[in-house]
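Please take me through this structure stop by stop, telling me what to select in the viewer and what I will find there. I have not seen it before, so a patient pace would help.

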Amino acid sequence: MRKRMRLSAMLLLVSLLLTACWDQRPIEDLALIAGIGIDLYPANPNLLNFSFVYPLYLDDKRQGEKVELIAASNLGEAINMFEKRNAWQFAGGKVRVMAFGEDAARKGLAGLMEYIQLPMVDDNAFVVVTDQAYKLWEVQVPETERNAFHIQNMLRNAFKEGETLRVTVGKLITEATALGVDAVVPLLTRPDEWRFNIDGAALFRDLQMVDTISQDELRMLMALLGEIAEVSVAANVGVSEELAKPVVEFELLAPKARIKPKLEDGQLQVGIEFSSRCILCSYDSKADLTEPDVVRAIATDLESYLLIEMGRLLTKLQELRVDPLGVGKRLRAQNPKQFDSKQFREQWAQAQIELKVELQIVRVGVLHKNVVPGRR
Amino acid sequence: MQDKHRQVITGWQLFCLTLNGVVATGVFSLARDVAEVAGAGALVAIPLTGVVMLVKLVGIHLLANRFPEQTLNEYSYQLLGPVLAKVYLLIYGLLSLAVAISIPRAHFPLVTAWALGLTPKIAFMAPLAIVCWNVVKRGVVVTARVVEMFNYGGLALMLLLMVPVIPVDLDFVRPVFEQGPASIMRGIVPALFAFSGFDVYLIVFPYVRSKRKFWIGAAAVGMATLFYTVTTFLIIGNLGLEFTLLSTWPLQSYLNRFSLAVFERADVVFLIAWIFQVINATIVVMFVAVSCLQGTFPRVRPSFIHYLLLALSLAGVAYPIYSVLEAQIMGTYSLVAIAFLGGTPWLLWLLALLRGKRGGESDAQKDAA
Amino acid sequence: MPIWKQVLQNFVGAQRPQVDTGLEAKYSVQKNLNKNLEYIEQLFADSADLVCRRLQVGQRPAALIYLKGLTNSDLIQRGIADPLLNCKRSTSLQDILSCIAVSDYSTMDDLHQALQQMLDGRVLLLCQGIATAVVVDVVKFPKRAVAEPATDAAISGPKDGFIEAIEDNLALVRRRLRTPHFKSKTMRLGVLSRTPVLICYLEDRVDKQLLAEVEQRLQRLQTEEDLPKVLDSYYVMEAISDHPLSPFPQVLQTERPDVIVAHLVEGRIGLLVDGSPVALVVPAAFFDFLQTADDYYVHPIFASVVRWLRLLAVFVTTSVSGLYVAVTTFHYEVIPSRLVNTVAQTRGQVPLSSFSEAIIMEITIDLLREATIRLPTKVGQVIGVVGALVVGQAAVQAGVVGPLLVIVVAIATIAGFAIPNNEQATALRMLRFPLILAATVLSGFGMIFVWTAILTHLASMDSLGEPYLRPIAPLKPKKLKDIFIRPFRQV
């Protein structure tokens with residue numbers, strides 16, 4: 001009797017296990033979302049306009065791309081509507097790019113936070129801000145059929161070449177939520193119907209986009225952040241007898257900024273010591289770069305150039321009460337009791353900043369030799 | 001007595017049993033739970049909890065060492081008398097069983113959120129309970145072997161997790177004393193949940209061959225503490241304190257940030273591989289439960305106890321409770337369990353000391369002889 | 001006993017024939033030759049190969065009784081018959097024995113025992129008036145020459161392998177162990193076949209308890225009647241395994257004398273069975289089956305790398321098709337971004353689900369394997385090529401299976417061939433199916449549950465008192481090195 005009971009229990013269990021395969025998501029039935037765009041819905045400011053891009057398989061070789069526009073109040077709702085509308089299941093684990101339209105970003109990420117955290121969305125997806133996110137997917141990129149892939153590759157390469165920051169979903173969330181540091185997100189523009197451009201960055205304050213900075217300012221910011229191995233800068237400085245200042249292109253190698261915030265009687269004092277090694281890539285002048293004195297003079301010129309540019313950027317950041325450098329984070333780390341997240345923004349706006357720049361030219365990439373005519 | 005408990009367990013196996021009883025599902029939310037109370041002070045609160053656990057281990061060791069040739073099942077009768085001992089062992093067994101049920105139950109929401117959203121609880125938990133029970137019913141030798149076997153994988157996972165592959169922002173972890181020492185002390189309470197489970201030390205003590213049993217147990221507790229501390233350090237350092245608090249499962253969010261060209265979505269892979277560790281911990285705690293139940297009913301056939309355990313654990317994993325209520329129940333219950341399982345060995349030892357009871361020869365005396 | 005074990009045993013051991021060899025009881029040799037001969041003829045009536053040759057030794061009538069085909073007739077003529085016929089004095093047994101020109105002989109009073117010897121291929125000499133039988137060893141029977149073992153081949157190292165004759169096999173072992181410590185005890189197994197089995201060991205290294213245990217287990221078979229015949233060492237293997245119902249082999253089989261010797265030196269016990277070219281080694285643990293003789297005939301570094309590869313093969317052959325199913329039906333996230341669209345595209349062209357696709361392909365491959373094993377080599381190769389290339393290619397083109405799955409199944413199959421022991425490879429291969437099923441129902445989690453059950457089974461096994469997963473669980477650090485690496489200096 002006991003044996004029979006045991007056997008029947010086993011059979012019951014086996015049949016239970018085999019009745020259904022609840023969570024099967026066969027890969028062929030998935031819409032593998034490559035890009036998500038988020039805009040404000042023009043007709044109703046309470047709604048967001050989500051654009052999902054996913055590949056379609058046309059035949060053996062070719063893959064197309066489909067864009068789906070859905071207006072909903074949050075991502076979860078958008079996903080539900082997406083699945084109702086399509087035979088495909090929504091699959092967000094392979095998102096490459098998440099683009100925020102400028103209006104949506106200015107309205108704030110707060111509503112988006114809950115679903116950015118969804119386990120299915122890959123934290124490694126790149127984030128950009130652009131004027132109209134859904135229009136990104138309409139650009140006819142000549143070299144590839146798929147825009148999300150293209151944007152991802154473009155951002156990755158630009159990051160490697162020191163042109164822009166690399167911001168993933170995870171980094172954005174951390175910086176947007178952590179006290180004492182604000183997020184900066186690359187800005188993507190669409191100059192015409194055929195290409196994208198990386199053009200500066202969007203500054204965020206407490207999950208809300210407040211302003212943009214230009215590409216040159218972004219470079220200064222990247223140098224101050226020191227997270228990037230190389231920053232390429234072009235500037236009109238240099239020792240020259242010529243009337244116009246020559247164009248210098250140089251790369252900052254492993255830039256480092258030591259930021260030391262100090263709070264004295266409610267007054268924030270920030271000492272920033274910036275130091276970097278530097279390579280001259282191109283120098284448009286007749287000056288003889290084999291002379292050490294000339295190189296030293298150029299270095300001094302570049303230092304003062306950086307001092308001015310960085311100072312300008314810092315002033316702008318202070319005016320905006322935005323702290324992407326993590327001054328507050330450092331203050332909090334060094335002296336947690338002094339740091340008050342509510343008062344910090346005011347303190348930062350009033351802060352006295354002492355900026356020092358030190359450059360060391362380690363290599364002269366290009367020697368400009370004048371070709372004297374008639375020598376031949 | 002000597003023959004009855006042939007010393008079949010090696011020191012390494014004791015280490016595995018002790019370590020794997022401790023490290024299970026707790027690691028997924030530990031950083032958040034402790035940081036909620038203590039902020040970045042979690043990094044101090046967790047090692048402190050390790051010290052508290054060491055104190056518990058000392059109690060367990062003193063008690064077990066007083067009766068080196070007997071298991072808890074035998075000397076509790078000598079110390080407490082037949083009725084009280086039965087009650088004590090029954091409570092001990094049921095509490096351990098509850099812990100054994102709560103480990104997979106606590107893991108299930110994670111599995112649901114991350115990989116299997118629609119799978120009914122029973123379909124996932126029943127096989128899990130059955131494979132664990134299948135090990136436990138084969139006795140102490142097989143249990144030790146299986147736990148040891150899985151431990152290699154678990155240990156490898158732990159060591160991998162402790163490698164800082166994603167850069168850590170030290171500024172996030174530095175404000176350790178931001179919220180003051182009192183909150184750090186309060187942070188010990190949620191951390192205790194992640195540390196319970198090495199009561200198996202008390203059960204297998206007479207089976208262990210090694211003489212440095214205490215140090216082995218201490219090493220296991222130390223290893224668990226180190227693991228918890230390092231992962232919390234990495235999580236807070238990478239996610240930032242605020243996002244750690246926002247995140248439901250900070251460990252998964254942390255792993256989600258890691259990506260290699262071939263090995264994407266470390267979070268999903270880890271979640272699946274970690275089931276081995278969940279199984280391991282469940283086996284250890286279930287083993288404690290079955291041993292105590294056998295001690296409670298010494299005349300009942302062992303196979304009956306085994307099937308009783310299976311029925312109880314299946315019912316336990318399948319019983320539907322609302323998740324909020326479940327969290328509440330588990331919160332209170334775990335506190336009771338931790339207090340009982342941690343406190344009673346000390347009390348028993350005190351009782352043994354006062355009554356002057358001592359079972360068999362201690363190791364030191366045997367050496368002298 | 002669990003119910004499934006009972007059911008299985010009812011299937012396995014349904015028939016239990018009562019056997020009687022007819023030579024069990026003692027039967028003394030009679031002084032009357034004719035009476036003896038009559039008894040023998042009655043016992044061996046209708047035996048075409050029995051030869052009973054009467055001759056006159058001096059004044060005494062005698063008879064030579066032997067089995068044609070098992071004996072060397074030339075030697076019988078020259079060594080026994082001719083000298084006996086020329087024998088002048090035949091007053092006592094000693095006189096007769098001194099005439100025999102073959103050195104290996106013995107005398108016995110029990111006729112049944114003597115007949116038993118005759119059945120092994122010896123010649124029986126019975127004389128009128130002497131109540132003793134003389135047994136002369138002139139065994140010669142058809143056997144093949146020592147050749148390279150087919151299944152246990154090594155690239156380098158010795159090429160000789162065991163054959164079906166136990167004496168030759170023993171000689172092959174003895175040639176490698178020139179020490180008096182090498183012992184070989186004989187036992188007869190199989191009530192009808194009375195197959196000689198040799199228990200070989202090194203006296204100074206073997207664990208005495210282990211030896212006693214082996215002897216006891218074999219002894220038990222000698223008296224029990226459920227082992228009527230031993231046609232191959234596999235019969236013995238099944239009989240002495242601790243867990244005969246487990247699909248995993250617990251006794252190491254080898255055709256190589258050098259392997260046996262290596263194991264004897266490590267203190268294990270070898271079993272040689274007459275009529276089988278396969279010798280047995282006990283005790284054997286899981287990881288012993290992953291080693292080959294070749295490991296010791298190449299550079300240790302290469303051998304170590306190959307051992308790691310074999311461990312990998314164990315994982316690959318069991319789990320890779322299950323992983324394919326789990327990944328394509330549940331965890332698309334873990335596929336690399338650059339691959340995920342390709343996988344989705346190829347899967348989209350296949351009408352079947354991943355599960356059915358994988359099961360069909362696995363069964364096809366197993367069919368191909370089974371088909372080619374028993375075919376002549378040349379035909380087998382053709383079938384292999386046709387199966388692997390043509391069917392695979394055509395199936396992909398026809399859109400029945402995806403190209404990725406063909407790769408996955410092929411890798412799993414190849415990994416299966418990388419496992420040296422055939423029986424273990426088969427056991428591991430069979431595990432694919434539950435793993436695929438578990439992957440279909442509960443994704444990677446299901447696979448881990450199945451693996452847990454498998455590992456529990458392995459951990460609960462013992463091979464003659466040795467844990468089956470030794471030296472991993474329980475950990476034996478000193479023995480560990482012979483699993484993952486091949487040590488430089490051998491013990």
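Begin by selecting C:G121 in this predicted model, the residue that comes after helix α5 of chain C and has a positive phi, near 110°. From there, step back into the helix itself, which spans residues 111-119, and colour its buried residues, C:L111, C:A114, C:L115 and C:M118. If you look down the axis of α5(C), these buried residues fall within an arc of 100°, so they line one face of the helix. To see what lies over that face, add the elements of chain C that cover the buried residues of α5(C), which include α2 (33-43), β2 (60-67), β3 (105-108), β4 (123-127) and β5 (133-136).

Helix α2, which you have just displayed, leads to the next stop, since the loop between α2 and β1 (50-57) of chain C holds C:D46. Although C:D46 is not a glycine, its phi is positive, at about 60°. Is C:D46 buried or exposed? With 5 other C-beta atoms within 10 Å, C:D46 is exposed.

For a second residue of this kind, go to C:L464, which is placed in the loop between β11 (462-463) and β12 of chain C. Its phi is also positive, near 45°, in a residue other than glycine, but here the surroundings are those of a buried residue, as C:L464 has 20 C-beta neighbours inside 10 Å. A little further along the chain, select C:R470 and C:P471, which are joined by a cis peptide bond with omega of about 0°. C:P471 belongs to the loop between β12 (466-467) and α17 (477-484) of chain C.

Another cis peptide bond can be found between C:V282 and C:P283, where omega is about -10°. C:P283 lies in the loop that connects β10 and α10 (300-329) of chain C, while C:V282 belongs to strand β10 itself, residues 279-282. Stay with this strand for a moment and display its side chains. In a regular strand the side chains alternate between the two faces of the sheet. In β10 of chain C both faces are covered, with C:A279 and C:V281 buried on one side and C:L280 and C:V282 buried on the other.

Now bring in the strands that pair with β10(C). Strand β8 (residues 252-254) of chain C runs antiparallel to β10(C) and is joined to it by 3 bridges, and within this pairing C:T254 has C:A279 as its bridge partner. Strand β9 (residues 269-273) of chain C is likewise antiparallel to β10(C), again with 3 bridges, and C:I269 stands opposite C:V282. Between β9(C) and β10(C), which form a hairpin, there are 5 residues, and C:G275 in the turn has a positive phi of about 90°.

Next, show chains B and C together and look at where they touch. Here 24 residues of chain C are in contact with 28 residues of chain B. Select helix α16 (residues 432-459) of chain C, because it is a good place to start: this helix supplies 11 residues, the largest share of the side of chain C that touches chain B. By type, the residues on that side of chain C divide into 16 nonpolar, 7 polar and 1 charged.Then turn to chain B as a whole, whose secondary structure comes to 17 helices and 0 strands. Chain B has a radius of gyration of 21 Å, close to the 21 Å that the globule rule gives for 369 residues, so it is as compact as a globular protein of that length. Along the principal axes, its C-alpha atoms fill a box of roughly 60 × 45 × 35 Å, and 56% of its 369 residues count as buried. Of the contacts in chain B between residues at least 6 apart in sequence, 86% join residues at least 24 apart.

The last stop is the largest nonpolar core, which has 332 residues, and in which A:I33, A:V185, B:I236 and B:M286 touch the most other members. Helix α4 (residues 72-114) of chain B gives this core its largest share, 19 residues. Centre the view on B:I236 and, leaving aside residues up to four places away in sequence, you will find that it touches B:A31, B:A35, B:A40, B:A42, B:F172, B:V173, B:L241 and B:T244. Apart from this core lies another, of 28 residues, including C:I96, C:M118, C:L124 and C:L126. With C:M118 you are back at α5 of chain C, where this residue is one of the buried ones.

Notes:
Residues numbered from 1 in each chain as written. Chains lettered and ligands numbered in written order. Predicted model: local features only at pLDDT ≥ 70, side-chain atom pairs only at ≥ 80, totals over all residues. Helix = DSSP H or I, 4+ residues; strand = E, 2+ residues; numbered from the N terminus. Rg over C-alpha atoms; globule rule 2.2 N^0.38 Å. Buried ≥ 20, exposed ≤ 12 C-beta atoms within 10 Å, placed from the backbone. Contact = placed C-beta atoms within 7 Å. Pairing = 2+ DSSP bridges. Arc of directions from axis to C-beta. Nonpolar A, V, L, I, M, F, W, Y, C, P; charged D, E, K, R; others polar. Core = buried A, V, L, I, M, F, W, Y, C linked by C-beta atoms within 7 Å.
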